Amino acid sequence: AVVSTQSGHYAGEENMFQSRSEYDRGVNVFSPEGRIFQVEYAIEAIKLGSTAVGVQTKEGVCLAVERRITSPLMIPSSIEKIVEIDDHIGCAMSGLIADSRILIDHARVEAQSHWFTFNEKMTVESVTQSVSNLALSFGEYDRKSMSRPFGVAILMAGVDENGESVLLHMDPSGTYLKYGAKAIGAGSEGAQATLEEQYHKSMTLDDGVKLCLNVLKQVMEEKISSTNIEVGICRKDQEKPGKFRLLGKDPIDALLTTL
C-alpha cells in the first residue's frame, strides 16, 4: 500500500531515484544517472572468470590463460580458453565461456566470408568490430538476439597482412580498445598493475611470453604448470602475417623452467 507522510510526499519517493531496483532489470533503460546497470553487472561477471593476459610486441603477440581445474577427474585439455579465429588471429576469453562461443563462431564466419569475398585476410580490428556489433545486439527486439549482454570479455590478438601485430580488448558493453598489454578476469587488477610496471614497447616476443607467465604465476592460486595454463602466440614471419598457434605441454614446461 502507498502511505502518505506528513510532508505530503509518498513514502519512499525520495529514495526512488537512489535505488537501483527500478532500473537494473531492463537492458534498454537508463538510470537517472545515465547508467545501464545490466551492462555494468555483466562487466562485474568478468571478474569471476579465470585470469587471461595478452602482450603485444614488435615481433608478434602472445596470450596466456589460467585453466581452473576443479576436480582431479577433470581432463585439462577439454578446457578451452584460447581459440583460433583465423590462421593469423587468436582469441582469449574470460567470464561465461558458453556466451563466448556465440561471439567466436560469429568471428570465424566473418573472417572466412571476408577472405572468400575479397581474397584478403580480415584485419584483427575489423574482426573485433564485427564481434562488438553482435555484443551490442542485446538491445534489439529480435528473436535471434540475446535478451541480455554477453557476460564475457575477450582479448583478440594477431598479425595483420601489413605485418602489424595487434592486441585488442572487448568488454560486454561492446567497447574495444587497442592495448600493448592487458589482463582480464579474476586477478586482473593486480595483473594489470604488474604489466604497467614491467611492459615496454621494445621487448621481444619471447620476453612477452615470459611476462605473461610471470603475471599468471603471481595471481594464480594454484601452482603454475603446463597443465593449468594455456599459451598461444602469433609471431611475425619476415614482415608477413604470422600463423597463430597454441603451445604444447613440452614448450610450456621449458618456458616455466626459465621463470
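# A walk through two sheets and their helices

Start by selecting Phe37, which counts as buried at 2% relative accessibility (buried means under 20% relative accessible area, exposed over 50% and partly exposed in between, with a 1.4 Å probe and protein chains only). Before going on, note that this is a predicted model, where local features need pLDDT of at least 70 and side-chain atom pairs count only at pLDDT 80 or more, while totals for chains, interfaces and linings use all residues. Residues are numbered from 1 along each chain as its sequence is written, and side-chain values use heavy atoms, with hydrogens and water left out.

**Stop one: an aromatic pair**

Now add Tyr41, which is partly exposed at 30% relative accessibility. A search of the whole structure finds one aromatic pair (rings of Phe, Tyr and Trp, the last by its six-membered ring, pair if their centres lie within 6.5 Å; planes under 30 degrees apart count as stacked, over 60 as edge-to-face and the rest as tilted). The ring centres of Phe37 and Tyr41 are 6.2 Å apart and their planes stand at 20°, so this pair is stacked. Both residues sit in helix 1 (residues 37–46), four residues apart, and about one helical turn separates them. Helices (H or I, at least four residues) and strands (E, at least two) are DSSP runs, numbered from the N terminus.

**Stop two: the sheet of strands 3 to 7**

Select strands 3 to 7 next. They form an open sheet of five strands in the order 3-4-5-6-7, with antiparallel pairing (two strands pair if DSSP finds at least two bridges between them). Strand 3 (82–86) and strand 7 (176–178) are at the edges with a single partner strand each, so one side of each has no neighbour in the sheet. From one strand to the next, the twist averages 25° (axes are lines fitted to C-alpha atoms, for helices over the stretch in contact, and angles run from 0 to 180 degrees between N-to-C directions).

Zoom in on strand 3 and strand 4 (residues 89–95), which pair antiparallel over four bridges. Which residue in strand 4 is the bridge partner of Asp86? It is Ile89. While you are here, click on Cys91, which is buried with a relative accessible area of 0%.

Then show helix 2 (residues 97–118), which lies across strand 3, strand 4, strand 5 (152–159) and strand 6 (165–170), at about 25° to strand 3.

**Stop three: the other sheet**

Move on to strands 8, 1, 2, 9 and 10, an open sheet of five strands in the order 8-1-2-9-10, with antiparallel pairing. Its edge strands, strand 8 (181–184) and strand 10 (244–246), each pair on one side only. Here the twist averages 10° from one strand to the next.

Inside this sheet, seven bridges join strand 2 (residues 60–66) to strand 9 (residues 229–235), and the two run antiparallel. Look for Ala64, which stands opposite Val231 in strand 9.

Helix 4 packs on the sheet, touching strand 1 (52–57) and strand 8, with its direction at about 165° to that of strand 8 (contact means heavy atoms within 4.5 Å). Helix 5 also packs on the sheet, touching strand 1, strand 2 and strand 9, and its direction makes about 20° with that of strand 2.

**Last stop: two helices together**

Finish with helix 4 (residues 188–198) and helix 5 (residues 205–219), which pack at an angle of about 145° with their axes 10 Å apart. Select Ala191, Thr194, Leu195 and Gln198 in helix 4 to see them meet Leu211, Val215, Gln218 and Val219 in helix 5.
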